Amino acid sequence: MAGGLEVKTAEETQIVFLHANVTVPCEIPGSPHLDIKTVGIIWSFKNVWNESEVPIYELYGNHLKVLRPGANVSLLGLERGDASLHLPRIKLSEAGEYRCKLVVTPEHAEGTTRIDVVADPAIEFFVIPATERIGERLICKLDGFYPEAFDIKWERHSLKDSHFQVITEGVITGPTVRNDDGTFSVTSSLALKPAPGDHGIIYYCVVSLRSLLVPKKLNVILPKKGSVEIYVTIVSPCVLLVLVLILAAVYCLWTW
């Protein structure tokens, strides 16, 4: 604050999603009515990889310069003391510190807001059937998440036992792969070694990311194998002869 003018910006880091339309707050408390002819606003940006600030939006008098395509400050909002910056389809590279410099002649003030950009992945969870060389596997695939940090856990429980069991054996995860847009992908697999009594087991892939408020659980039920049970009965010759005589007698009575 300087000269008695004050601006209010976000006190905490704002977490926004990739490609979202974002509003970076900068307001004069009390909703004053301003003559925008006496108001000037400069927005600048410093990303996490570069220490130098660069201007992205300037408005004062008849001067308007937009250096970030699509950046905008509402003139109607500015008349009410709202100099918030609107950014359409924010990018990963636009995470960083935003500085609002506001002049209401002859006073001026400034404030900063920190923006972090995250990306929520598409998650696939499926079964790969067994082959002659490789057994049945569960696949949990994450595509398009950011930042790179992630955690994938495997769990199981049965209808008979509701206690969750963490699985570590037979799990292969990673490494992460960087996509063309800067997001990441990773695949985790679980080799299934079902026992004869494992029908009805529920398997879970538990995903934790910064973009998720709570871990996401995906599950699949291990199905009962589609086999045909064949029962073979071995009959001794004596018993077979008796059965033939009985069938013959029934046939004679039916045709008589």
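## A tour of two sheets and some loops

Select strand 3 and strand 4: six bridges join them, and the two strands run antiparallel. The model on your screen is a predicted one. Within this pair, find isoleucine 41, which stands opposite leucine 59 in strand 4.

Keep strand 3 (residues 39–47) selected and add strand 7 (residues 96–104); this pair is antiparallel too, with nine bridges. Here glycine 40 has valine 103 of strand 7 opposite to it.

Next, add strand 8 (residues 107–118), which runs antiparallel to strand 7 and is joined to it by nine bridges. Strands 7 and 8 form a hairpin, with two residues between them. At this end of the pair, select valine 104 and glutamate 107 of strand 8, which stand opposite each other.

Stay at the hairpin and select proline 106, in the loop between strand 7 and strand 8. The peptide bond that joins threonine 105 to proline 106 is cis, with omega at about 10 degrees. Most peptide bonds are trans, and most residues other than glycine have a negative phi. Both kinds of exception appear on this tour.

Now show the whole sheet. It is an open sheet of six strands in the order 1-8-7-3-4-5, and its pairing is mixed. Strand 1 (14–17) and strand 5 are the edge strands; each has a single partner strand, so one side of each has no neighbour in the sheet. On average, neighbouring strands in this sheet are turned by 25 degrees against each other, direction ignored.

From edge strand 1, move to histidine 19, in the loop between strand 1 and strand 2 (22–24). Histidine 19 is not a glycine, yet its phi is positive, about 70 degrees. Its relative accessible area is 40%, so histidine 19 is partly exposed.

A second residue of this kind is arginine 89, in the loop between strand 6 (85–87) and strand 7. Arginine 89 has a positive phi of about 45 degrees, although it is not a glycine.

Then select asparagine 62, in the loop between strand 4 (54–60) and strand 5 (63–66). Is asparagine 62 buried or exposed? It counts as exposed, because its relative accessibility is 87% and the cut-off for exposed is over 50%. Select lysine 37 as well: it is 25 residues from asparagine 62 along the chain, and the C-alpha atoms of the two are separated by 8.5 Å.

Turn to another sheet. This open sheet has four strands in the order 12-11-16-17, with antiparallel pairing. Strand 12 (165–167) and strand 17 (216–221) stand at its edges with a single partner strand each, so one side of each is left without a neighbour in the sheet. From one strand to the next, the twist averages 30 degrees.

In this sheet, select strand 16 (residues 202–208) and strand 17, an antiparallel pair joined by six bridges. Tyrosine 203 stands opposite valine 220 in strand 17.

Go on to proline 175, in the loop between strand 13 (171–173) and strand 14 (177–178). Glycine 174 and proline 175 are joined by a cis peptide bond, with omega at about 5 degrees.

The last stop is serine 189, in strand 15 (residues 184–191). Serine 189 is buried, because its relative accessible area is 12% and buried means under 20%. Which residues does serine 189 touch, not counting residues up to four places away in sequence? They are Leu138, Ile139, Trp154, Gly170, Val171 and Ile172.

Note on methods. Residues are numbered from 1 along each chain as its sequence is written. This is a predicted model: local features need pLDDT of at least 70, side-chain atom pairs count only at pLDDT 80 or more; totals for chains, interfaces and linings use all residues. Side-chain values use heavy atoms; hydrogens and water are left out. Two strands pair if DSSP finds at least two bridges between them. Buried means under 20% relative accessible area, exposed over 50%, partly exposed in between (1.4 Å probe, protein chains only). Contact means heavy atoms within 4.5 Å. Axes are lines fitted to C-alpha atoms, for helices over the stretch in contact, and angles run from 0 to 180 degrees between N-to-C directions.
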